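Got your viewer open and a selection box ready? Here is a short walk through one protein model, stop by stop.

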Amino acid sequence: MSFSIERYKEESKKVDVTGIDWTEVSAHPLSEGDLFCLHYMMDIENHVPLYLSHLLVTRACMDPILTAFLACWNYEELWHGENIGRLLNLYGIEFDAQDRIANVRANLGFQNSLSLLSTMAGSWLLKDFSAVYLTIGAINELSTLTGYGALIRKSGHPVLKELLSRIIKDERRHYAFYFNSAKEWLSGNQRAQKLDRWMLDRVWVPVGQGVKKQEEVDALAIYLFDDEQGEAELLDLDAKIGKLPGLSGIRLMSKALYAARERIRRNPRWAWRIIEQEGWAIKPPKRSPIGQLTGRRLPQEAGTS
Ligand SMILES: [Fe+2]
Ligand SMILES: [Fe+2]
């Protein structure tokens, strides 16, 4: 799997949606599970700038190759979220994308600041901390593209298939960068390998967890991967990550699927109730009205000031 940063810088662009027949979106049904996954995926794509803010406070950003990648990567991810939102709107689900993004961020609250500080501290205290988030980057990108593939299969929706197939090509390039960078860092570096493995075994969570609750993460895993093919795909994903130095035999996404199954075994309504109750709406935050966080005001407020 090769990756050239020079080529990536030259070729990076927003996902090309030319020729996608958007008028056909509402002509094909999407299940509640499909809609749940699309909202989850859109929110996480739209969360990338905040995730980036975590990366930019770390020591890894002394590396100009990494920052060049992040500059392009962030832009590409923006258009993934925009296009999933567009598809949902055209399907007939009404929401204001900017309000939704602001609500998701406002709901993170103090936990976001705490996580930012601990990432910063970790990176400056531990020289090999970079290996951990490069590896996590690889897992996140591979999980994302595997999830999109599974959603194409589950939904059978032709326009969604066309859009996600194009997004998957971007995710593959992102995965190649993170995987190769992690491999470079870990190769011949026992201390980094030990730290990486220790952190992944103990603190790693599936992509989106933290922004999304455990039950929502489980709902996504169960809807997309709780069949023979889905499970095989997650085992294959783990095997690919296990090829990084020091990570042989590691179980991450398959372990998350088994844990979700176990929670459902104990409570059969767990996760499914979120999908069935169409629990993808994002509630406005209790304490921080969007206007306070973004400087935007409701039209009537703007008019009176
Ligand atoms: Fe993406
Ligand atoms: Fe990506």
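The stops below cover a metal site, the cysteines, a buried methionine and a patch on the surface. Keep in mind throughout that this is a predicted model.

**Stop 1: the iron site.** Select the iron ion (ligand 2) and show the side chains around it. Which protein atoms hold it? You should find OE donors from Glu-77, Glu-141 and Glu-171, plus ND1 of His-174, at 1.9 to 2.3 Å from the iron ion (ligand 2). If you like to think in sequence patterns, these donors are spaced E-x63-E-x29-E-x2-H along the chain.

Now put angle labels on the 4 donor atoms: they run from 91 to 135 degrees, and the site is classed as irregular. For reference, the ideal angle for four tetrahedral donors at a metal is 109.5 degrees.

Next, add the iron ion (ligand 1) to the selection. The two iron ions sit 3.7 Å apart, with Glu-77 bridging them.

**Stop 2: the helix behind two of the donors.** Select helix H8, residues 158-186, and pick out Glu-171 and His-174. Why are these two about one helical turn apart? Because they are 3 residues apart in that helix. Switch on a surface and look for them: Glu-171 is buried at 0% relative accessible area, and His-174 is buried too, at 0% relative accessibility.

**Stop 3: the cysteines.** How many disulfides should you expect to find? The count is 0. Try Cys-72 as an example: its closest cysteine sulfur belongs to Cys-61 and is 14 Å away, so that is too far for a bond. Cys-72 counts as buried, with 14% relative accessibility. While you're here, click Cys-37 as well; Cys-37 is buried, with a relative accessible area of 0%.

**Stop 4: a methionine inside.** Select helix H2, residues 32-46, and find Met-42 in it. Buried or exposed? Met-42 is buried, with only 2% relative accessible area because so little of the residue is left uncovered. Draw a distance from the C-alpha of Met-42 to that of Leu-125: the two residues are 83 apart along the chain, and the line should read 34 Å.

**Stop 5: a methionine at the surface.** Finish with helix H6, residues 110-125, where you'll find Met-120. Met-120 counts as partly exposed, at 34% relative accessibility. Extend the selection to Met-62, Leu-117 and Trp-124, and colour the surface: together with Met-120 they make a nonpolar patch of about 450 Å².

How values were computed
Residues are numbered from 1 along each chain as its sequence is written. Chains are lettered from A and ligands numbered from 1 in the order in which they are written. This is a predicted model: local features need pLDDT of at least 70, side-chain atom pairs count only at pLDDT 80 or more; totals for chains, interfaces and linings use all residues. Side-chain values use heavy atoms; hydrogens and water are left out. Patches are made of residues with over 30% relative accessible area and no salt bridge: like charges are joined within 9 Å, nonpolar side chains (Val, Leu, Ile, Met, Phe, Trp, Tyr) within 5 Å. Accessible areas come from the Shrake-Rupley method with a 1.4 Å probe; for residues, only the protein chains shown count as cover. A salt bridge is a side-chain nitrogen of Lys or Arg within 4 Å of a carboxyl oxygen of Asp or Glu. Helices (H or I, at least four residues) and strands (E, at least two) are DSSP runs, numbered from the N terminus. Buried means under 20% relative accessible area, exposed over 50%, partly exposed in between (1.4 Å probe, protein chains only). Donors are N, O and S atoms within 2.8 Å of the metal (3.2 Å for Na, K and Ca); water is not among the atoms, so sites may look incomplete. Four donors count as tetrahedral if all angles lie between 85 and 135 degrees; four count as square planar and six as octahedral if opposite donors are over 155 degrees apart and all others between 65 and 115; anything else is irregular. A disulfide is a pair of cysteine sulfur atoms within 2.5 Å.
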